[in-house]
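Reader: I have a structure open and some questions about it. Can we go through them one at a time?
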Amino acid sequence: MAVFARAWAKAVTGTSYLPVTPAQLEEFLEGLTVRLVEALHEEPFSLRRGYQIGSDLVAAHIASAEGLGRTIEVIELRLLRDLGLSPAGPPTAASAGSPDATSGGPGSGGPGPGDDLRDRMARLLGTVAIGYARALRDRTLDEQESIRRAAMVAREQAEHALRESEARFRHQATHDPLTDLPNRALFAERLAGVFERDGRSGRRLGVCFVDLDGFKMVNDTLGHQAGDQLLVSVARNLRRGAGEHLVARMGGDEFVILVEDTTCTDDVLKVADAALAAVNEPYVVDGQELRVSASIGIVERPVAGTTPSDVMRAANITLHWAKSSGKSRWALFDPERNERELTRYALSSAMPAALERGEFCLDYQPLVSLCDGRLLGVEALVRWRHPQLGVLRPDRFIGLAEETGLIVRLGSWVLAEACRQARRWVGLSEKAPFVSVNLAVRQVRGPGLVKEVTGLLREHDLPPDRLQLEITESAMMNTADESVDNLRSLADLGVRIAIDDFGTGYSNLSYLRTLPVCELKVAGAFVEGLRAPATEPASVTDERILATLVSLAHTLDLTVTAEGVETATQADRLRAIGCDAAQGWHFGKPMPPSLVDALL
């Protein structure tokens, strides 16, 4: 049997993948050979063994059409021969008692034992093929079912993974990955939800917009990793301090607290105080103890009549108020202040176009000699003829011009217009006043001041002594050496240089001695005290201060002009202490150029 099994193994090798060694294959096929022989001689003859042998071949991975074909071929051709099986087999019914029992011998022409064995072989091979085909079909069905189940499991796993991924993309889409606080999107959703409910029932809400003070320094000195650790700790403290209220991280070092269903402003103020205290606690980051503070902008209002964007805009504005007030504090939204700032912003935005459209003009206020009442000069004061707000005084827009940088353009226009008007008055009268123009700090520090003034004097053929440039005391004391050199150059040309609001700044006397100044204009705050009777102590003190200033100025060969003179009493007392000139409503309000013509 080993010889036949070896031949069988050789025949099927290579027809399909067999996960066994050649020796194991021969051993397996030798076992099937024994079963084939037993099946051929089994009485009564049964086809059951053939089915099983075919099934076992498939189970052993001899599972291809070529493998089946070679199996049948080798069994048909070699089994009986290699095993030396005699055609005479076990007695059958025909050989035992049939009248034709001897007719199967040679030359008899009838069926004999060899024919019976070959018949059994043919029938057995047929059942092997049938069993093989059935087993292959079943295995194919099983594999298809396994594939179907695997595909179903894979699909379920993929759907589960997708659901998990979507879920992770969503608590990620709505929560800050660093602090695990709700993020801007979730906060906006919660805030909008408050407004989706009925706001007519008198419901209120509050928002605290929190921003850490000086957090950039932590990042710059200790690194962003330390900054992240600090943010995580601050977030934890804020969540604890805010209690049941929603705390969200808006980004960077900004957080926001939503206080729903407030009954009054105090409800949200208590939350803000708790948040400040929570942030101010000490933190340990990378072994270092850190302390930070926060500024908070607070909005508390009825839900009806506003929108989420209005609330957040107001909170952001108020946060800037808290920052500008010194930080480490909260500020409460003030509608009136907000309206003023909106107006300031509107003015700031409209100013460049207004300058182009010629909406600015100059009024002139007389500077009068206290000795004889002569008109010595006029101070040019800029006005804005706003198309909606009417005529605006400098205190409404000069600060804005300085903040935006437009002060240089505006100052240049004022200087040019004043020079043009001064030349006109020179043409009208030999007693034409000089025109005094206020210079902004940026103009004084600008490198082109000397060239600009020189060009205007030449353009308008204006005598230099008919132009006076006023610089505030604080600006004069803070100017760099090159700026002072510019003023000296102008003074050398004959342009008058005056210090405005003297007495309110540094009053550095040693520095004043070296400056190219010809006049001091004493601040109106000192002159105001001369309104009171001369017997009052405060009035006496102001008079003594003024007398000292006048004496000092005269020692330095400077003239003195008192600002803000509104009464005859003030004028008389200033005249008595030797003040040279005065300016104020007592001598004339700011007026258009045509009224100055009449004074000439």
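Reader: Which residue forms a salt bridge with Arg374?
Author: Asp372 does, and the closest N and O atoms are 2.8 Å apart. Keep in mind that this is a predicted model.

Reader: Is Arg374 buried, exposed or partly exposed?
Author: Arg374 is partly exposed, at a relative accessible area of 47%. Asp372 is also partly exposed, with 45% relative accessibility.

Reader: How many salt bridges does the structure hold?
Author: The structure holds 41 salt bridges.

Reader: What about Arg70, which residue is its partner in a salt bridge?
Author: Glu66, with 2.8 Å between the closest N and O atoms. Both residues belong to helix 4, residues 65-83, and sit four residues apart, about one turn of the helix. Arg70 has 31% relative accessibility and counts as partly exposed. Glu66 is partly exposed too, at 41%.

Reader: And Asp363, which side chain does it meet in a salt bridge?
Author: That of Arg383, at 3.6 Å from N to O. This pair links distant parts of the chain, 20 residues apart: Asp363 is in strand 8 (residues 360-369) and Arg383 in strand 9 (residues 375-386).

Reader: Are Asp363 and Arg383 buried or exposed?
Author: Both Asp363 and Arg383 are buried.

Reader: Which residues are linked in a network of salt bridges?
Author: Glu379, Glu470, Lys521 and Glu563.

Reader: Changing topic, sheets. What is the strand order in the open sheet of five strands?
Author: The order is 2-3-1-6-7, and the pairing is mixed. Strand 2 (246-251) and strand 7 (330-332) are at the edges with a single partner strand each, so one side of each has no neighbour in the sheet. On average, neighbouring strands of this sheet are turned by 20° against each other, ignoring direction.

Reader: In what sense do strand 1 and strand 6 pair?
Author: Antiparallel, over 10 bridges, with strand 1 covering residues 204-213 and strand 6 residues 293-302. As one case, Asp213 has Ser293 in strand 6 as its bridge partner.

Reader: Which strands does helix 9 touch where it packs on the sheet?
Author: Helix 9, residues 224-242, touches strand 1, strand 2 and strand 3 (254-260). The direction of helix 9 makes about 10° with that of strand 3.

Reader: On to packing. How many residues has the largest nonpolar core?
Author: The largest nonpolar core has 72 residues. Those with the most contacts inside this core are Phe360, Val435, Val437, Val453, Leu467, Leu469 and Leu574. Helix 14 (residues 407-428) supplies the largest share of the core, eight residues.

Reader: What does Leu467 touch, not counting residues up to four places away in sequence?
Author: Leu415, Cys419, Phe434, Val435, Val437, Val453, Leu457, Leu462, Val495 and Arg496. Apart from the largest core lies another core, of 31 residues, including Cys208, Val218, Phe255 and Val268.

Reader: Leu574 came up. Which residues of helix 22 are buried?
Author: In helix 22, residues 568-576, the buried residues are Gln570, Ala571, Arg573 and Leu574. They pack against helix 20 (524-528), helix 21 (537-555) and strand 15 (559-562). Gly578, just after helix 22, takes a positive phi of about 90°.

Reader: How far does helix 11 reach from its first C-alpha to its last?
Author: Helix 11 (residues 308-324) has 17 residues and reaches 25 Å, close to the 24 Å expected at 1.5 Å a residue. Among its buried residues are Val311, Met312, Leu319, Trp321 and Lys323. Gly326 follows helix 11 with a positive phi, near 125°.

Reader: Two single residues to finish. Where is Asn486 found?
Author: Asn486 is in helix 18, residues 481-493. At 16% relative accessibility, Asn486 counts as buried. Leaving aside neighbours within four places in sequence, Asn486 is in contact with Val444, Gly446 and Val450.

Reader: And Leu125, where is its place?
Author: In helix 6, residues 113-169. Leu125 is buried, at a relative accessible area of 6%. Not counting residues up to four places away in sequence, Leu125 touches Ile72, Ile75 and Glu76.

Reader: What separates the C-alpha atoms of Leu125 and Asp138?
Author: 20 Å, with the two residues 13 apart along the chain.

Technical notes
Residues are numbered from 1 along each chain as its sequence is written. This is a predicted model: local features need pLDDT of at least 70, side-chain atom pairs count only at pLDDT 80 or more; totals for chains, interfaces and linings use all residues. Side-chain values use heavy atoms; hydrogens and water are left out. Two strands pair if DSSP finds at least two bridges between them. Helices (H or I, at least four residues) and strands (E, at least two) are DSSP runs, numbered from the N terminus. Axes are lines fitted to C-alpha atoms, for helices over the stretch in contact, and angles run from 0 to 180 degrees between N-to-C directions. Contact means heavy atoms within 4.5 Å. A nonpolar core is a set of buried Ala, Val, Leu, Ile, Met, Phe, Trp, Tyr and Cys residues joined through side-chain atoms within 4.5 Å. Buried means under 20% relative accessible area, exposed over 50%, partly exposed in between (1.4 Å probe, protein chains only). The expected span of a helix is 1.5 Å times one less than its number of residues. A salt bridge is a side-chain nitrogen of Lys or Arg within 4 Å of a carboxyl oxygen of Asp or Glu.
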